[in-house]
Amino acid sequence: MKLLYELNDKPPAGSTVLLAIQHMLASIGGIIAVPLIVGTAIGLPTGDVVTLINAALFISGAFTIIQCIGFGPVGIRLPVVMGSSFAFLGIAIGIGKADGVSGIMGAALVGACMVIVSAFFMEQIRKLFPPVVSGVVVTLIGLTILPVAMNWVGDAPAGSEHFATLPKLFLAAISLLVVLLVATYAKGSVAASAIVIGLAGGYLVALSMGMVDMKQIGEASWFAAPEPLKFGLSFSWPAIVSMCLAYIVVIAEATGDFLALASNCHRTISGKDLKRGLLGDGIGSAVGSFFGAMPLASFSQNVGIVGITGVASRYVVGTTGALLILAGLFPKFGALAVTVPKPVLGGVGFIMFGMIAYAGIRMLVKAADTRRNALVICVSLAAGLAVTIKPSLLQHLHHDIAQLLHSGITTGTIVAVVLNLVLPKSKEDVHAEKQAEEEEMNSEHTIPLSEDTTEPAMASTSSQSDVSTDQPSKPTQ
């Protein structure tokens, strides 16, 4: 897929803001949902829940900018949106009920330090993720996150008679249809804004059906500054161990997200690049713990937006970070985005998450086509999907092991890495891998990330006729 805006392009100001809003709308619901659910579950007063939400938005915005633009050795310089991760949801609730918010923040701080240390070994860790493994990870990210979109469409507890009622299915279908039509028939920046246009179309239909709850805007205050150490920090070994297990999941997911994002941006990334990205994750979570923000991770849905729109500009997503900071300072601004009905998000989510799986499949196509690699892919995909579809498969394992393997991404990643290490390679396998590597090196579709992010490129001046051409641009020398 030819990119409309490449990694270092700077679109016109109006287009930049519109495209940034698209990423913000896709992420703000998830960023707010984690502190909202945790705060409510552990019985915090409304004011404290609002504080958690504001902190999450502010820190997510700040470290989105750092990941996109870079700050010294921190930040991968890809269009990464950072936000509160659902991987921590159950663990944070458990810690919060036992030790309060201070226990959550203390455990998050220690876990973040573990991520920071791990980042310095990414050159070695990267060797564990050749295309056959990284493709599995990225594909599982897309496939295992699809239930999130399904739950958004349902917008009620599973099994409830209110789950996926006809009006909700209609809203999801309208949003999906609008995205498909815009992405297929529109040109240039309009086509690139397919996601936000789909959200807007679904929102307007929802308004006409009386399915938009506006009271959150009225209840939100006008301004709220971050409050450092409002909840304090406390430490307990059970909480720290549990949180570190969750961070292992996040490291695997972040690695997959970075690989998928680089693929969508037509870039290849090294262990050094992954180190910078994980430093952004770890330092962001560490700083966030002092401000009362839930631990951060890269958002997979925004990877899908890059894939479907062809907008890979890191300056667009950096602008998204600025908008998230504004949302954190002015809660009414963020409350407007939160009023988008979940079925509308769900309809758009099917495309966003599907694009992530597509990016993984593209990576698997680049792997050597051998029987050995086929075994690695089939078994690891099956393992990851098995625990996602049937979590009860883990019910008789030790609690800590079950907690580690409950994520299909983690399970599939572990199986893929282990099989790739232990299954023997024949001479034919080695020859096929070398041939695949040579083809990848000679490909014109990717540019090494580290060699192309030191100097920003001029804003794209391609005409719409240029955008529609099928031939990829030549890599910068």
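**Warm-up.** Is K230 buried, partly exposed or exposed?

Solution. K230 is partly exposed, with a relative accessible area of 37%. The scale goes like this: buried is under 20% relative accessible area, exposed is over 50%, and partly exposed is in between (1.4 Å probe, protein chains only).

Before going on, a word on the model. It's predicted, so local features need pLDDT of at least 70 and side-chain atom pairs count only at pLDDT 80 or more, while totals for chains, interfaces and linings use all residues. Residues are numbered from 1 along each chain as its sequence is written, and side-chain values use heavy atoms, with hydrogens and water left out.

**Exercise 1. Work out which salt bridges K230 makes, and what they link.**

Step 1: get the rule straight. A salt bridge is a side-chain nitrogen of Lys or Arg within 4 Å of a carboxyl oxygen of Asp or Glu. By this rule the count comes to three.

Step 2: find the partners. K230 pairs with D48, with the closest N and O atoms 3.7 Å apart. K230 sits in the loop between α9 (215-219) and α10 (237-264), and D48 in helix α2 (residues 46-69), so this pair ties together parts that are 182 residues apart in sequence. K230 also meets E227 in a salt bridge, at 3.9 Å from N to O.

Step 3: check the exposure of the partners. D48 is buried at 19% relative accessible area, whereas E227 is partly exposed at 38%.

A note on naming: helices (H or I, at least four residues) and strands (E, at least two) are DSSP runs, numbered from the N terminus.

**Exercise 2. Describe the R276 salt bridge, then say which residues form a network.**

Step 1: R276 bridges to D273, and their closest N and O atoms are 3.1 Å apart.

Step 2: place the pair. R276 and D273 are three residues apart in helix α11 (residues 271-291), so about one helical turn separates them.

Step 3: look at burial. R276 counts as buried at 12% relative accessibility, and D273 counts as buried too, at 1%.

Step 4: now the network. Salt bridges that share partners join D48, E227 and K230 into one.

**Exercise 3. Explain what keeps C244 out of a disulfide.**

Step 1: a disulfide is a pair of cysteine sulfur atoms within 2.5 Å. The structure holds zero of them.

Step 2: C113 has the cysteine sulfur closest to that of C244, but the gap is 9.3 Å, too far for a bond.

Step 3: add the surroundings. C244 is buried, with a relative accessible area of 16%. For contrast, try C378: that one is exposed, at 53%.

**Exercise 4. Look at H23 and list what it touches.**

Step 1: H23 belongs to helix α1 (residues 13-41), and is buried with a relative accessible area of 2%.

Step 2: count a contact as heavy atoms within 4.5 Å. Leaving aside neighbours within four places in sequence, H23 touches V81, N302, I305, V306, V316, V317 and T320.

Step 3: zoom out to the chain. Among contacts between residues at least 6 apart in sequence, 85% join residues at least 24 apart.

**Exercise 5. Compare the nonpolar cores with the nonpolar surface patch.**

Step 1: a nonpolar core is a set of buried Ala, Val, Leu, Ile, Met, Phe, Trp, Tyr and Cys residues joined through side-chain atoms within 4.5 Å. The largest one has 104 residues, of which V38, L78, I104 and M243 touch the most other members. Apart from it lies another core of 21 residues, among them Y5, V49, L324 and A327.

Step 2: go to the outside. L128, I414, V418, L421 and V422 make a nonpolar surface patch of about 420 Å². Patch residues have over 30% relative accessible area and no salt bridge; like charges are joined within 9 Å, nonpolar side chains (Val, Leu, Ile, Met, Phe, Trp, Tyr) within 5 Å. V422 is in helix α18 (residues 408-422), and is exposed at 56%.

Step 3: put in the totals. Buried residues make up 54% of the 477 in the chain. The accessible surface comes to about 20,300 Å², with 67% belonging to carbon and sulfur atoms; areas come from the Shrake-Rupley method with a 1.4 Å probe, and for residues only the protein chains shown count as cover.
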